[in-house]
Amino acid sequence: RMGRLCRIAKTMRLLSRAHSCWMLVRGFMNSASIMFYSFMILFLTLYVFACLGCEIITKHSLNSVDVDELFHAQVELNWSSLPQIMLTLVRFVCLDNMSEV
């Protein structure tokens with residue numbers, strides 16, 4: 001009898017943990033669509049500013065090697081392609097190694 005009571009107590013304890021875990025999973029599933037749309041808005045904003053940066057920075061008059069070699073080197077390093085520009089903008093937003101740019 002005592003063994004049965006212990007097994008029932010153990011099962012009840014597991015069910016109470018499963019309930020709290022289920023609440024966490026349900027909360028994540030309810031907020032998944034909001035997180036997805038937030039990610040899409042952030043990505044779209046980043047993409048638009050990367051396109052602007054591509055047009056403004058890479059076509060700047062200082063970008064030729066003859067005029068300013070340091071500016072040209074920075075453009076080639078951080079602003080040469082759209083994915084590189086997006087990564088540089090993410091570094092600005094996250095304040096990650098901004099002094100290198």
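**A friendly note on a three-helix model**

1. The protein has three helices and zero strands. Reading along the sequence, you will meet the pattern α-α-α. Please keep in mind that this is a predicted model.

2. Let us turn to confidence. The mean pLDDT of the protein is 82, and 87% of its residues reach 70 or more. Among the elements, helix H3 (residues 82-94) has the highest mean pLDDT, 89, while helix H2 (residues 69-78) has the lowest, 82. A general reminder goes with these values: predicted coordinates should not be read in detail where pLDDT is low.

3. How much of the protein is buried? Of its 101 residues, 12% count as buried. One residue to look at here is Leu 89, which has its place in helix H3. Leu 89 counts as buried because its relative accessibility is 17%, and the cut-off for buried is under 20%.

4. Leu 89 also shows how residues that are separated in sequence can be compared in space. Leu 89 and Phe 49 are 40 residues apart in sequence, yet their C-alpha atoms are 8.3 Å apart. Both residues appear again in the next point, among those that line the largest pocket.

5. Which residues line the largest pocket? They are Leu 42, Thr 45, Leu 46, Phe 49, Leu 89, Val 90, Val 93 and Cys 94. The volume of this pocket is about 160 Å³. Helices H1 and H3 each supply at least two residues of the lining. Sorted by class, the lining has seven nonpolar residues, one polar residue and no charged residues.

6. Now for the aromatic rings. A search of the whole structure finds three aromatic pairs. One of them is formed by Phe 39 and Phe 43: this pair is stacked, with 6.5 Å from centre to centre and 25° between the planes. Where do Phe 39 and Phe 43 sit relative to one another in helix H1? They are separated by about one helical turn, because they are four residues apart in helix H1 (residues 2-58). As for its surroundings, Phe 43 is partly exposed, with a relative accessible area of 40%.

7. The cysteines are worth a look as well. The structure holds zero disulfides. Take Cys 51, which is in no disulfide: the nearest cysteine sulfur belongs to Cys 54 and is 7.1 Å away. Why does that pair not count? A disulfide needs sulfur atoms within 2.5 Å, and the sulfur of Cys 54 is 7.1 Å from that of Cys 51. Is Cys 51 buried, exposed or partly exposed? With 28% relative accessibility, Cys 51 counts as partly exposed. Cys 94, a member of the pocket lining, counts as exposed at 53% relative accessibility.

8. Last, have a look at the backbone of Leu 95. This residue is found in the segment after H3. Its phi is near 55°, a positive value in a residue other than glycine. For background, most residues other than glycine have a negative phi. Leu 95 counts as exposed, because its relative accessibility is 64%, and the cut-off for exposed is over 50%.

Definitions and conventions. Residues are numbered from 1 along each chain as its sequence is written. This is a predicted model: local features need pLDDT of at least 70, side-chain atom pairs count only at pLDDT 80 or more; totals for chains, interfaces and linings use all residues. Side-chain values use heavy atoms; hydrogens and water are left out. Rings of Phe, Tyr and Trp (its six-membered ring) pair if their centres lie within 6.5 Å; planes under 30 degrees apart count as stacked, over 60 as edge-to-face and the rest as tilted. Buried means under 20% relative accessible area, exposed over 50%, partly exposed in between (1.4 Å probe, protein chains only). pLDDT is the predictor's confidence in each residue, from 0 to 100. On a 1 Å grid over the protein atoms alone, a cavity is a set of points where a 1.4 Å probe fits but cannot get out, and a pocket is an open set with protein on both sides within 12 Å along at least five of seven lines; lining residues have an atom within 4 Å of a point. Grid points are joined across faces, edges and corners, and a volume is the space filled by probe spheres set on the points. Ala, Val, Leu, Ile, Met, Phe, Trp, Tyr, Cys and Pro count as nonpolar, Asp, Glu, Lys and Arg as charged, and the others, Gly among them, as polar.
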